[in-house]
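Please find below some notes on the model, set out as numbered points for a colleague who has the coordinates open.

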Amino acid sequence: LELAGPPRQIPFQAPLRSRRFVNLVAAADGTIVYEIGPQLPESHLVWLDRGGKETTVSDQAHGFDYARVSPTGDRIAEVINGPDGTGRIWMYDVSRGQLSPISPLGPSYRSFTWAPDGRSLFALRTGDAPGIYRIAVDGGFTETLVHAPKTPWVAPHSVSPDGRFLAVTLWSLDTDKDWDIQIVPVDGPGPPVYFGKESANEMFPVFSPDGQWLAYSSDRSGKE
């Protein structure tokens, strides 16, 4: 099976879901069946305690796609999808009840993780000039490229307590069938280093509070 010819846009309007996926299926005769529904379902933020009790953070409803609480617990960063599916990062101030954009208008962002000092985020930018960028949260809309891997399938997960290294998950270009973990220097010189690169899926790395350990998910044993 080989792909041939230039890509062509399909002339229909289907709802964009989380991560910009569209629910559709193609039959052998070329017929395409797709879901008709609201463009972007809206939701609101809630706190969830250990007992499963929900407490509303804000009554504001938006197309939330991703949310992370700041290290100090007083702010929540989240991706809000626009009508065209473009994701922009916004900041919600819990005490003030104020929601403000922090990423530049235009580029689309998906997953991200907080820096330990709470002054910036490391976010995945898709579309034009893709890569992982550091974004200041002071409202200046400034971004700095940190990592630009050759694969578009990459996600930032955790920053070391000293702020020097970023742990990411990315699709292996060597095997084209596994997820790997890379440790990326944030400011200093040197290339990214693979962590435990094996013929297994290794994902979701998280640094320990003291920076001495890295927890992650793996199916090396046959179970994830």
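1. Thr-113 stands opposite Phe-122 of strand 10, and this pairing is a convenient place to enter the fold. Strand 9 (residues 108-114) runs antiparallel to strand 10 and is joined to it by five bridges, where two strands are said to pair if DSSP finds at least two bridges between them. Strands here are DSSP runs of E with at least two residues, numbered from the N terminus.

2. A word on the basis of these notes: the model is predicted, so that local features need pLDDT of at least 70 and side-chain atom pairs count only at pLDDT 80 or more, while totals for chains, interfaces and linings use all residues. Residues are numbered from 1 along each chain as its sequence is written, and side-chain values use heavy atoms, with hydrogens and water left out.

3. The connection between strand 9 and strand 10 is a hairpin with five residues between the strands, and Gly-118 in its turn has a positive phi of about 75°. On the other side of the sequence, strand 10 and strand 11 run antiparallel and are joined by six bridges, with Ser-120 standing opposite Ala-136 of strand 11. The hairpin of strand 10 and strand 11 has four residues between the strands, and Gly-127 takes a positive phi near 80° there.

4. How enclosed is strand 10 by the rest of the structure? Six of its seven residues are buried, so strand 10 is largely enclosed; buried means under 20% relative accessible area, exposed over 50%, and partly exposed in between, with a 1.4 Å probe and protein chains only.

5. Arg-125, found in strand 10, deserves a careful look, because at 12% relative accessibility this charged residue counts as buried. The side chains of Arg-125 and Glu-143 meet in a salt bridge with an N to O distance of 2.6 Å, a salt bridge being a side-chain nitrogen of Lys or Arg within 4 Å of a carboxyl oxygen of Asp or Glu. The pair links distant parts of the chain, since Arg-125 is in strand 10 and Glu-143 in strand 12 (residues 143-147), 18 residues apart. Glu-143, for its part, is partly exposed at 27% relative accessibility.

6. The surroundings of Arg-125 include a backbone atom as well, for the backbone oxygen of Asp-128 lies 3.1 Å from a polar atom of the Arg-125 side chain. Leaving aside neighbours within four places in sequence, Arg-125 is in contact (heavy atoms within 4.5 Å) with Pro-107, Ser-108, Tyr-109, Pro-130, Gly-131, Tyr-133 and Glu-143.

7. Strand 12 also holds Val-146, which is buried at 18% relative accessibility. Not counting residues up to four places away in sequence, Val-146 touches Phe-122, Ile-132, Tyr-133, Arg-134, Val-184, Pro-185 and Val-186. Val-146 and Asp-187 are 41 residues apart in sequence, yet their C-alpha atoms are 8.1 Å apart in space.

8. Which residues other than glycine should be checked for a positive phi? Most residues other than glycine have a negative phi. Ala-129, however, has a positive phi near 50°; Ala-129 is placed in the loop between strand 10 (120-126) and strand 11 (131-136) and is partly exposed at 43% relative accessibility. Phe-204 likewise has a positive phi, of about 55°, but its place is in strand 17 (residues 202-207), and its relative accessible area of 41% makes it partly exposed.

9. The count of salt bridges comes to five, and besides the Arg-125 pair two others may be mentioned. Asp-74 and Arg-75 meet through their side chains at 3.7 Å, N to O, with Asp-74 partly exposed at a relative accessible area of 37%. Asp-162 forms a salt bridge with Arg-164, the closest N and O atoms being 3.9 Å apart, and Asp-162 is partly exposed, with a relative accessible area of 48%.

10. Finally, there is a nonpolar surface patch of about 230 Å², made by Leu-24, Ile-32 and Tyr-34. Patches are made of residues with over 30% relative accessible area and no salt bridge, like charges being joined within 9 Å and nonpolar side chains (Val, Leu, Ile, Met, Phe, Trp, Tyr) within 5 Å; the areas come from the Shrake-Rupley method with a 1.4 Å probe, and for residues only the protein chains shown count as cover. Within this patch, Tyr-34 lies in strand 2 (residues 32-34) and is partly exposed, with a relative accessible area of 30%.

Notes
A polar contact is a pair of N or O atoms within 3.5 Å; within protein, one must be able to donate a hydrogen and the other to accept it, and residues adjacent in sequence count only if both atoms are side-chain atoms.
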